[in-house]
Amino acid sequence: MIRICKHFCVRKSSRQAPIMVFGAQGGAFAMKYMPEATTPFVMIVTVVAAMLVGMLYSLLLAVAAINFKADQTLVGTAMNLLGTAAATVIVKAVNTAENPDNVSSTVQYINAKKAFIVDINGFEFNWFMLLAFLLMLASFVLLNKTKFGLRLQACGEHPQAADSV
């Protein structure tokens with residue numbers, strides 16, 4: 001879904017809009033440890049907290065690129081590698097702590113955690129996929145069909161170009 005959004009919303013260069021998704025992975029990891037009788041409200045709070053953690057993680061990229069004048073492509077690549085490695089290490093540590101014989105890098109979910117699964121005529125999907133698709137369409141319209149979006153694309157990484165528009 002992220003690749004589709006990246007393709008439609010950012011046509012010129014993928015460097016102009018780095019996408020961080022580690023907040024969603026953290027939310028999925030947190031959902032593993034929720035008790036069986038968790039209410040949907042608590043799950044939504046967990047997802048929102050995961051989104052905030054993802055925003056803080058991408059704020060590191062902004063600080064590195066803006067304040068320290070680092071190349072955002074290199075910093076984004078390093079952060080993606082670091083996040084993936086950290087997630088693997090944390091999941092292996094948690095699985096090993098639960099069962100010393102389990103050294104896999106996969107988190108095993110309980111079937112009761114399917115609170116966000118929607119079934120339409122035998123087609124099961126997470127309602128976050130529908131939300132992501134609608135946000136992708138909204139961002140496509142915002143970036144390609146509005147004056148604001150066209151000016152934003154025209155400027156790119158050079159804000160001085162906005163002065164000429």
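**A friendly note on this predicted model**

1. Let's begin inside helix α4. Its buried residues are Val75, Gly76, Met79, Gly83, Val91, Val94 and Asn95. Please keep in mind as you read on that this is a predicted model.

2. Now look at the length of that helix. α4 is built from 27 residues, and the distance from its first C-alpha to its last is 38 Å. At 1.5 Å a residue you would expect 39 Å, so the computed span is close to the expected one.

3. Which residues make up the largest nonpolar core? There are 5 in all: Tyr57, Leu61, Ala64, Val75 and Met79. Both α3 and α4 supply at least two residues of this core, and α3 gives the most, with 3 residues. Val75 and Met79 may look familiar, as they also appear among the buried residues of α4.

4. Val75 is a good residue to click on. Leaving aside residues up to four places away in sequence, Val75 touches Leu61, Ala64 and Ala70. Two of these partners, Leu61 and Ala64, belong to the largest nonpolar core along with Val75.

5. Compare that with a residue in the same helix: Leu74 is placed in α4 too. Is Leu74 buried or exposed? Its relative accessible area is 60%, and exposed means over 50%, so Leu74 counts as exposed. Along the chain, Leu74 and Leu61 are 13 residues apart, and their C-alpha atoms are separated by 10.0 Å.

6. Nonpolar residues can be found on the surface as well. Ile44, Val48, Met51, Leu52, Met55, Trp127, Leu131 and Leu135 make a nonpolar surface patch of about 750 Å². Helices α3 and α5 (127-145) each supply at least two residues of the patch. The most comes from α3, with 5 residues, so you meet α3 here as well as in the core.

7. Take one member of that patch, Leu131, which sits in helix α5. How exposed is Leu131? Its relative accessibility is 38%, which lies between the 20% limit for buried and the 50% limit for exposed, so Leu131 counts as partly exposed.

8. Next, a backbone detail. Lys69 has a positive phi of about 55 degrees, although it is not a glycine. You will find Lys69 in the loop between α3 (40-66) and α4 (72-98). With 69% relative accessibility, Lys69 counts as exposed, because the cut-off is over 50%.

9. Where is Asn121? It lies in the loop between β1 (117-120) and β2 (123-126). Asn121 also has a positive phi, of about 50 degrees, and is not a glycine. At 81% relative accessibility, Asn121 counts as exposed.

10. Finally, step back to the whole chain. How many helices and strands does the protein chain have? The secondary structure comes to 6 helices and 2 strands, and from the N terminus on the elements run α-α-α-α-β-β-α-α. Of the 165 residues, 22% count as buried. The accessible surface comes to about 11600 Å², and 69% of this belongs to carbon and sulfur atoms. Among contacts between residues at least 6 apart in sequence, 54% join residues at least 24 apart.

How values were computed
Residues are numbered from 1 along each chain as its sequence is written. This is a predicted model: local features need pLDDT of at least 70, side-chain atom pairs count only at pLDDT 80 or more; totals for chains, interfaces and linings use all residues. Side-chain values use heavy atoms; hydrogens and water are left out. Helices (H or I, at least four residues) and strands (E, at least two) are DSSP runs, numbered from the N terminus. Buried means under 20% relative accessible area, exposed over 50%, partly exposed in between (1.4 Å probe, protein chains only). Patches are made of residues with over 30% relative accessible area and no salt bridge: like charges are joined within 9 Å, nonpolar side chains (Val, Leu, Ile, Met, Phe, Trp, Tyr) within 5 Å. Accessible areas come from the Shrake-Rupley method with a 1.4 Å probe; for residues, only the protein chains shown count as cover. A salt bridge is a side-chain nitrogen of Lys or Arg within 4 Å of a carboxyl oxygen of Asp or Glu. Contact means heavy atoms within 4.5 Å. A nonpolar core is a set of buried Ala, Val, Leu, Ile, Met, Phe, Trp, Tyr and Cys residues joined through side-chain atoms within 4.5 Å.
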